[in-house]
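This briefing goes through the overall build, the nonpolar cores, two threonines and the disulfides. Please keep the sequence and the model at hand while reading.

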Amino acid sequence: MKKSVISAAFAALAIGVAFAAPAKAAGVSACLITKTDTNPFFVKMKEGATAKAKELGVTLKSYAGKIDGDSESQVAAIESCIADGAKGILITASDTKGIVSTVKKARDAGVLVIALDTPLEPADAADATFATDNLLAGKLIGEWANKTLGDKAKDAHIGFLDLTPSQPSVDVLRDQGFMIGFGIDPKDPNKIGDETDSRIVGHDVTNGNEEGGRKAMENLLQKDSSINVIHTINEPAAVGAYQALKAVGLEKQVLIVSVDGGCPGVKSVKEGVIGATSQQYPLMMAALGVEAIKKFADSGEKPKPTEGKTFFDTGVSLVTDKPVSGLKSIDTKEGLAKCWG
């Protein structure tokens, strides 16, 4: 009797081991949460994360908001990732302040959280940030616009096509960076809209897409039809702005600058739709993020920021076919060769 009980116990133990094995074989799982799944920037980000996850044997799940600014879907995605036992989360947050409490839940559960492109507020609410220096990206196109206009810059009529009313960090950094580069006092550099420079016609929001850019441009033209400089949060918004200007015959009057440097955006620079853009590298951001999650899963080591910065800087290049003296840039041929790699 005792022998049969012992045999049964070993049999049960063997069954338990058999059931445990698949869980171990599942390996490292991670989540990518982007603002949308339609913006080419986030499409490329997903491509980079997916390729690197496959290379490293990481199981990757992808989530996205319905539109730029849809924070509720991102909150739900984080909660799903926690429940699924993800080891790490990569996120481009739509609401960089509002998402913090949910991010804290993930970190408290032992999940590594890495912000991609858009720093959280505060930035240390995430374990790490892999991003473009968005303030520098704004400065580059602001300085380019100022030097391109020359003496006319002091009488410029400038419009800003921003992202969303919640003013996520990426929006503020690019907007305020442009002002600094152009020679405008941004007042509080952490806030959009408190400037007093008479050259500013106004700000409007675009949700980072063409339709939003078109409507925002129409709104600003109603305020001042003599606008001659437009800063746009990204290239889809820039294309929408151009469409609105072309519809009323003003496309040659306005100098449009932007940030992203995606292949479609660089083509828009080549075609003269956009004067200059600051190129980012989202594929690299996402690939490095997946590598960091795998390393964290294997060793517990968290990624470190670039020396002298609070984030890991993935680089930025000014792209234009109309270079200006004293400002380093690459042309559209090189921009197309590098776009979002």
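**Overall build**

The protein exposes about 15400 Å², and carbon and sulfur atoms supply 56% of that area. The model is predicted. Its fold contains eleven helices and twelve strands.

- The C-alpha trace spans about 100 × 40 × 35 Å along its principal axes.
- Of the 341 residues, 50% are buried.
- Among contacts with a separation of 6 or more, 70% are between residues 24 or more positions apart.
- The protein carries 39 positive and 43 negative charges, and the mean positions of these two sets are 7 Å apart.

**Nonpolar cores**

- The largest nonpolar core has 24 residues; those touching the most other members are Trp 144, Ala 145, Leu 149, Ile 158, Phe 178, Phe 182 and Leu 318.
- At least two residues of this core come from each of helix H5 (134–149), strand S6 (158–162), helix H6 (169–182) and strand S9 (255–260).
- H5 gives the largest share, with six residues.
- Leu 318, one of the core members named above, has contacts beyond its neighbours within four places in sequence: Leu 140, Ile 141 and Trp 144, then Ala 276, Thr 277 and Ser 278, and finally Leu 327, Lys 328, Ser 329 and Ile 330.
- A second core, separate from this one, holds 22 residues, including Val 28, Leu 90, Met 285 and Phe 296.

**Two buried threonines**

- Thr 232 sits in strand S8 (residues 229–232).
- Its relative accessibility is 0%, so Thr 232 counts as buried.
- When residues up to four places away in sequence are not counted, Thr 232 touches Leu 161, Ala 237 and Ala 238, as well as Ile 256, Val 257, Ser 258 and Val 259.
- Thr 92 belongs to the loop between strand S3 (88–91) and helix H4 (100–108).
- With a relative accessibility of 1%, Thr 92 is also classed as buried.
- Apart from neighbours within four places in sequence, the contacts of Thr 92 are Ile 33, Thr 34, Lys 35, Phe 42, Met 45, Gln 74, Leu 116 and Asp 117.

**Disulfides**

- The structure has two disulfides, and their pattern is 1-2, 3-4 when bonded cysteines are counted along the chain.
- Cys 31 is bonded to Cys 81, with an S to S distance of 2.3 Å.
- The torsion about this S-S bond is about -120°, so the disulfide of Cys 31 and Cys 81 is left-handed.
- Because Cys 31 lies in strand S1 (residues 29–34) and Cys 81 in helix H3 (residues 71–83), the pair ties together parts that are 50 residues apart in sequence.
- Cys 31 is buried at 2% relative accessibility, and Cys 81 is buried at 0%.
- The other pair is Cys 263 and Cys 339, with an S to S distance of 1.9 Å.
- Here the torsion about the S-S bond is about 75°, so the disulfide of Cys 263 and Cys 339 is right-handed.
- Cys 263 lies in helix H9 (residues 263–270) and Cys 339 in the segment after helix H11 (332–338), so this pair ties together parts that are 76 residues apart in sequence.
- Cys 263 is partly exposed, with a relative accessible area of 27%, whereas Cys 339 is buried, with 10%.

Notes:
Residues are numbered from 1 along each chain as its sequence is written. This is a predicted model: local features need pLDDT of at least 70, side-chain atom pairs count only at pLDDT 80 or more; totals for chains, interfaces and linings use all residues. Side-chain values use heavy atoms; hydrogens and water are left out. Helices (H or I, at least four residues) and strands (E, at least two) are DSSP runs, numbered from the N terminus. Buried means under 20% relative accessible area, exposed over 50%, partly exposed in between (1.4 Å probe, protein chains only). Contact means heavy atoms within 4.5 Å. Accessible areas come from the Shrake-Rupley method with a 1.4 Å probe; for residues, only the protein chains shown count as cover. Lys and Arg count as positive and Asp and Glu as negative; His and the chain ends are not counted. The place of a charge is taken as NZ of Lys, CZ of Arg, CG of Asp or CD of Glu. A nonpolar core is a set of buried Ala, Val, Leu, Ile, Met, Phe, Trp, Tyr and Cys residues joined through side-chain atoms within 4.5 Å. A disulfide is a pair of cysteine sulfur atoms within 2.5 Å.
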